[in-house]
Amino acid sequence: MPEFVRRRPQLNASLLVLLAAGLLHGLAGAASAPSRAPETPAAPKSDAATAATIHNSELDAPLFYQLLVGELELSTGQTGVAYQVLLDAARRTKDEELFKRVVNIALQARAGDQALSAARAWRESLPTSLAAQQMTIQLLALLNRPAEVVEPLRALLALNPPELRGAVLAGLPRLFQRAPEPKKVLSALEPLLHNASQAKETRVAAQVVLARLALSAGDSKRALELTQSLNQQFPEGDDAMQLALELMPNEPAAEALIQARLQASPDDTKLRLAYGRALARAQKPSDAAREFRAVTLKDPEQLSAWFALGTLELELRQAEAADHALREYLRRLDLAAAKEAKEPGGAAKETSDNSQAEFNQEARQQSWLMLAQAAELRGDLKGAEAWLIKVDSPQRRFEAQYRRASLIARQGRMAEARKLLQGLPENTPDALRAKVMAESQLLRDQREWKQAYELLARATERLPEDADLVYEQSMMAEKLGQLDEMEVLLKRVIAIKPDHHHAYNALGYSLADRNIRLDEARGLIAKALSFVPSEPFILDSMGWVEFRLGNKEEAQRLLRLAFEARPDAEIAAHLGEVLWASDKVEEARRVWAEGLKRDPKNEALLDTLKRLKVKP
């Protein structure tokens, strides 16, 4: 008997009688012939006609009593007894609904093994039931028993028509996405998937699933080989491209497949959009902006491309380009809304589609904020304020107030700016964090390092386990020259959040910049790169530590990669210095000039030029 069975005294007979009438209708349906959809009421029939259409239930007295007892046991908390009684009834009646009921009872009691036993009994009683095979597979995946999935999966494939078998396989990666031992999943399913890849109807799906399972198991090389093979077999198919996009963070060769496809099909805006998003996720804003820019030229009706381009141009500090892209996005968004409203039923459709309307409004709010930021970058404070006035979203309150405060501070009214931010609520930890982050950023922008440090120190006393606040405090300690304190704080961040890649990078870079403990610095930066392999600023740190170690060629390689992905002024400072030290003077000057063009006030770049006695 299942572990969750708990015995209880025999039910009072009168209680059974009292409950019988109320339960009869529902229980009879569970054990009757297959249920039918309710019919539209018709005119009264004659007695003879009525008799001819009556369908007698298969529910006899013993079965009714058994079902009643099972449900009563369940209603009084005797889950194990109910499971046992109803499972026996399901076996006797071979009723799908009863088997589902028993499986759900076990699942609700968190009794996975009992749920699986019920599903297996279901398969034995109804071997042609698709639902029984599916439930068994799902439970085996949930219980981390991939080796036992093969037999019911093979049965499920056989029960489905050939044209649907690919879809059955396609669901496997999602089913096992949380498996604790993905290598065992791959090992268990690989033989079946290999055989399926030989059949025409499942060839593509089987290879895609194998690639995804290999990627989940950490075998990105195998996943790449399968993707390349799939691309060769189906050079115009989408599956290989989707896999290549997923493989990009792990396998650089995957990106080459996408680039080759886009070269062959330059008008494939769907793929180009997906590629741009993948580049943005990989922290390659310059490359991502290039792809979104190409989409806007080929298909200017793609609203998402304009929005993404504006976001990336702003990140790259290209204020004019960001302004153009975001204005164009808003213009086209308004045109699309007006066109939809003019169409028959358009207004009603827009009203009913609340989620889309909310998304559009949120996108407008975000665009206004970014346009304000672009105006501020250009020094157009009045224009920035005009955009900020439009922002009225509660979700954007902190950001809008910060931008307003920044504008006030730039006019020399720092106390007023801080007061504006100090009026924000701090009734929750998230609200407090956002408020402190906004005010500390304002102080940082105005080079008020000591006040920013003190503000953050008070906040970390209230929220000692907030890794991001502690990290910001460490950055202010560094600005104040308190390097020992910075190191203590960064190690505290890592203790709180071991995957905080910014902390590893900051500590490693600090050591490299001071030209001390270089091997330790390299290890810390390598750890940061293990979390975000393509992040340009971390590649920059690794290039800088290689330069400090005397490895000029490797330093150049890494810094070029970083600068190509993100032509930031600080990265330009480092790359230019390495080129200068390698006697590549003209190239160094070009890199520095580009960095100054993007951020003429960047301290790191100006300090580098001053130290090397190079005129801007």
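Here is a short back-and-forth on how some labels in this predicted model were assigned.

Author: This is a predicted model, where local features need pLDDT of at least 70, side-chain atom pairs count only at pLDDT 80 or more, and totals for chains, interfaces and linings use all residues. Residues are numbered from 1 along each chain as its sequence is written, and side-chain values use heavy atoms, with hydrogens and water left out.

Reader: Why is Leu215 called partly exposed?

Author: Buried means under 20% relative accessible area, exposed means over 50%, and partly exposed is in between (1.4 Å probe, protein chains only). Leu215 has a relative accessible area of 23%, so it gets the middle label.

Reader: What does Leu215 touch, not counting residues up to four places away in sequence?

Author: Ser220, Ala223, Glu246, Leu247 and Asn250; contact here means heavy atoms within 4.5 Å. Leu215 itself lies in helix H12 (residues 203-216), helices being DSSP runs of H or I with at least four residues, numbered from the N terminus.

Reader: And why does Arg110 count as exposed?

Author: Arg110 has 79% relative accessibility, and the exposed label needs over 50%, so exposed is the word for Arg110. Arg110 is in the loop between helix H5 (96-108) and helix H6 (112-125), and has a positive phi of about 55° although it is not a glycine.

Reader: Why does Asn515 get a label other than exposed?

Author: Its relative accessible area is 43%, in between the two cut-offs, so Asn515 is partly exposed. Asn515 sits in the loop between helix H29 (501-513) and helix H30 (518-531), and its phi, near 60°, is positive in a residue other than glycine.

Reader: What makes the span of helix H18 close to the expected one?

Author: The expected span is 1.5 Å times one less than the number of residues. H18 (residues 303-315) has 13 residues, with 18 Å expected, and reaches 19 Å from its first C-alpha to its last. Its buried residues include Trp306, Leu309 and Leu312, and just after H18, Arg317 takes a positive phi of about 65°.

Reader: Which residues line the largest cavity?

Author: Glu315, Leu316, Arg317, Arg566, Pro567, Asp568, Ala569, Arg598 and Asp599. A cavity is a set of points on a 1 Å grid over the protein atoms alone where a 1.4 Å probe fits but cannot get out, and lining residues have an atom within 4 Å of a point. The space in the largest cavity is about 60 Å³.

Conventions
Helix = DSSP H or I, 4+ residues; strand = E, 2+ residues; numbered from the N terminus. 1 Å grid on protein atoms, 1.4 Å probe; cavity = no way out; pocket = protein on both sides within 12 Å on 5 of 7 lines; lining within 4 Å. Points joined across faces, edges and corners; volume = space filled by probe spheres on them.
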